[in-house]
Amino acid sequence: MTSHEIDFRIYGEEMQYVEIELDPQEGVIAEAGSFMMMDDGIKMETIFGDGSQKDTGFFGKILGAGKRILTGENLFMTAFYNNLSGKRNVSFASPYPGKIIPIDLTEYNGKFICQKDAFLCAAKGVSVGIEFSKKIGRGLFGGEGFIMQKLEGDGMAFVHAGGTTARKVLQPGEILRVDTGCIIGFTQDVDYDIEFIGGIKNTVFGGEGLFYAKLQGPGVVYVQSLPFSRLAGRVIASLPRGGNSKGEGSILGGLGDILDGDNRF
């Protein structure tokens with residue numbers, strides 16, 4: 001497998017986008033809906049799967065698309081090609097506040113495993129598949145970590161994460177415990193399992209769930225401080241019932257809104 005060699009630059013701080021420079025006949029694949037802008041001369045094409053295998057046939061393409069459905073992603077992906085003689089740029093944006101992380105697959109022996117909604121875009125030729133858990137406990141209680149994506153090849157890939165990110169290099173036998181939703185991804189040598197938190201008070205009143213992820217080295221692990229599921233949960237919990245304000249910050253609640261001039265009903 002030989003992926004296209006691409007150059008890139010990441011812009012922004014909290015709401016980032018990545019600009020990819022394509023030489024003539026180079027291409028990049030991306031999740032549907034991540035496109036931001038592109039120069040004139042770039043051709044966009046909607047494809048089944050990731051397009052890494054050219055001669056898979058009709059049923060092979062259907063199987064690849066079916067795997068994407070299992071991860072909750074769109075049935076199609078989008079490919080962008082530079083058909084002109086000069087260099088052209090195409091940009092892709094992160095869908096929520098956080099960071100875009102460049103992953104050079106050649107540094108990780110050609111494979112990187114990430115959360116099923118973390119993939120943003122990659123050089124043409126990178127394979128985007130699924131990684132099933134082989135452990136019963138992780139499959140039953142792993143939450144977001146049961147079905148993950150695997151990025152394979154020898155090119156650049158880009159994943160996005162919420163909040164601030166941390167890169168942890170684990171030594172052989174070293175263990176890192178992480179909230180299952182806070183995992184961005186890890187290298188293929190990392191042993192991933194789940195562990196029961198334990199303790200009646202922790203279980204009933206801890207508010208952190210019953211299980212966390214146990215990651216054991218050697219390998220590299222990427223962690224995010226604000227997974228989208230947590231952000232969405234906080235937003236939903238803060239929505240006022242019946243469309244009325246909850247009156248945060250005031251012991252008077254709605255009456256306080258009237259007194260301070262906020263008379264929206």
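Trainee: What makes Phe35, Met36, Met37, Met38 and Met44 a nonpolar surface patch?

Mentor: Together they make a nonpolar patch of about 440 Å². Patch residues have over 30% relative accessible area and no salt bridge; like charges are joined within 9 Å, and nonpolar side chains (Val, Leu, Ile, Met, Phe, Trp, Tyr) within 5 Å. Before we go on: this is a predicted model, where local features need pLDDT of at least 70 and side-chain atom pairs count only at pLDDT 80 or more, while totals for chains, interfaces and linings use all residues. Residues are numbered from 1 along each chain as its sequence is written, and side-chain values use heavy atoms, leaving out hydrogens and water.

Trainee: Which strand gives the largest share of the patch?

Mentor: Strand 4 (residues 35–38) does, with four residues. Strands are DSSP runs of E, at least two residues long, numbered from the N terminus. Methionine 44 belongs to strand 5 (residues 42–48).

Trainee: Why is methionine 44 called partly exposed?

Mentor: Buried means under 20% relative accessible area, exposed means over 50%, and partly exposed is in between (1.4 Å probe, protein chains only). Methionine 44 has 48%, so partly exposed is the right label.

Trainee: How do you know that phenylalanine 8 and phenylalanine 158 form an aromatic pair?

Mentor: Rings of Phe, Tyr and Trp (its six-membered ring) pair if their centres lie within 6.5 Å; planes under 30 degrees apart count as stacked, over 60 as edge-to-face and the rest as tilted. By this rule there are seven aromatic pairs. For phenylalanine 8 and phenylalanine 158, the centres are 4.9 Å apart and the planes make 75 degrees, giving an edge-to-face pair. Phenylalanine 8 sits in strand 1 (residues 7–11) and phenylalanine 158 in strand 13 (residues 156–162), so the pair ties together parts 150 residues apart in sequence.

Trainee: Is phenylalanine 158 buried or exposed?

Mentor: Its relative accessible area is 0%, so phenylalanine 158 is buried. Phenylalanine 8, at 34%, is partly exposed.

Trainee: What makes lysine 99 and glutamate 13 a salt bridge?

Mentor: Side chains of opposite charge can pair when their charged atoms come close. The rule asks for a side-chain nitrogen of Lys or Arg within 4 Å of a carboxyl oxygen of Asp or Glu. In lysine 99 and glutamate 13 the closest N and O atoms are 3.8 Å apart, and the two form a salt bridge. This pair links distant parts of the chain, 86 residues apart.

Trainee: Why is glutamate 13 called exposed?

Mentor: Glutamate 13 has a relative accessible area of 51%, so exposed is its class. Lysine 99, at 22%, is partly exposed.

Notes: Accessible areas come from the Shrake-Rupley method with a 1.4 Å probe; for residues, only the protein chains shown count as cover.
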